[in-house]
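Student: I am new to this structure and would like to learn how its labels are earned. Could we go through some together?

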Amino acid sequence: MHSVYSDGTYTVEQIISEAKVLGLKQIAITDHNILKGSIIGSQISDVDFVVGVELSVDYNGAEVHLLGYFPNGSDYSSVNFVIKEKNAYKKMAIMEMIENLNDMGIELDLLDLNKFAKGTINRVHICMALKEKGIISSIQEGFENYVGEHCKAYVETKTISLAEACDAIHEDGGIAVIAHPYEYEDVGPIDDFLEGIKDIVDGIECYHPSATPENSQHLVEFANAHDKLITGGSDFHGDNKPNITIDMMKVDEKYKIKRK
């Protein structure tokens, strides 16, 4: 799940409160490239809470997402170093995208984005600012026409490799899980991708809104065959993804993340 500290619209407190009402047994906030909201959640949650993060990383020239889940008491030093480096690259890319939009005749600056961002600034915040200005009518329209990959204003963010990110997570005592494998268009056939990462990651997010039941079954079978952890998540973003609810994915309790 994602909070206001990245590209979600719910506060940490709202996420925890709704999860409790829904009777969820274990939750994690995995904001994009920032740990702050998740650490806060671990300190206030009365639901079993796992500190997590979702890192954007490079795999053979394609961007993929890596989930890191951490044990109680970690200092997150290695991952925070990676995050600091990534966020510097991200800010440069965001500034270039703003310049590109300005060149297209759209008046926008960093202050317009800051009012929506409580943590890292992402492309969704550009879309939120564009929507506020009446230039677009939805976040999806912003990605499709302005800041999505292959759009005129888009700028690719320099990033770190999947292996480097896994190493940082492991140094902090965490587990590294490849997120939503069926969402990537540039990694080649799914089985080739899974074979390529199986010796790098600890687990696979088998249950996700982007995966059909058949997809999930295939991922589970692959994970079991290669002794990989199985996880699942809703990828909840609040109003930014209105069709996804906090309890959208029902994952068997046997897949709960075990922490030291």
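The talk below sets values against definitions.

Tutor: Happy to! This is a predicted model, where local features need pLDDT of at least 70, side-chain atom pairs count only at pLDDT 80 or more, and totals for chains, interfaces and linings use all residues. Residues are numbered from 1 along each chain as its sequence is written, and side-chain values use heavy atoms, with hydrogens and water left out.

Student: Why does Tyr 76 count as buried?

Tutor: Buried means under 20% relative accessible area, exposed over 50%, and partly exposed in between (1.4 Å probe, protein chains only). Tyr 76 has 10% relative accessibility, so it counts as buried. Tyr 76 also has a positive phi of about 60°, although it is not a glycine.

Student: What makes Glu 63 partly exposed?

Tutor: Its relative accessibility is 38%, so Glu 63 falls in the partly exposed class.

Student: And Asp 235, buried or exposed?

Tutor: Asp 235 is at 8% relative accessibility, and therefore buried. Like a residue we met, Asp 235 is not a glycine, yet has a positive phi of about 60°.

Student: How do you know how many disulfides there are?

Tutor: A disulfide is a pair of cysteine sulfur atoms within 2.5 Å, and by this rule the count is zero. Take Cys 151: the closest cysteine sulfur, in Cys 127, is 9.1 Å from its own, so that is too far for a bond. Cys 206 is in no disulfide either, as the nearest cysteine sulfur, that of Cys 166, is 15 Å away.

Student: Why is Cys 206 called buried?

Tutor: Its relative accessible area is 0%, so Cys 206 is buried.
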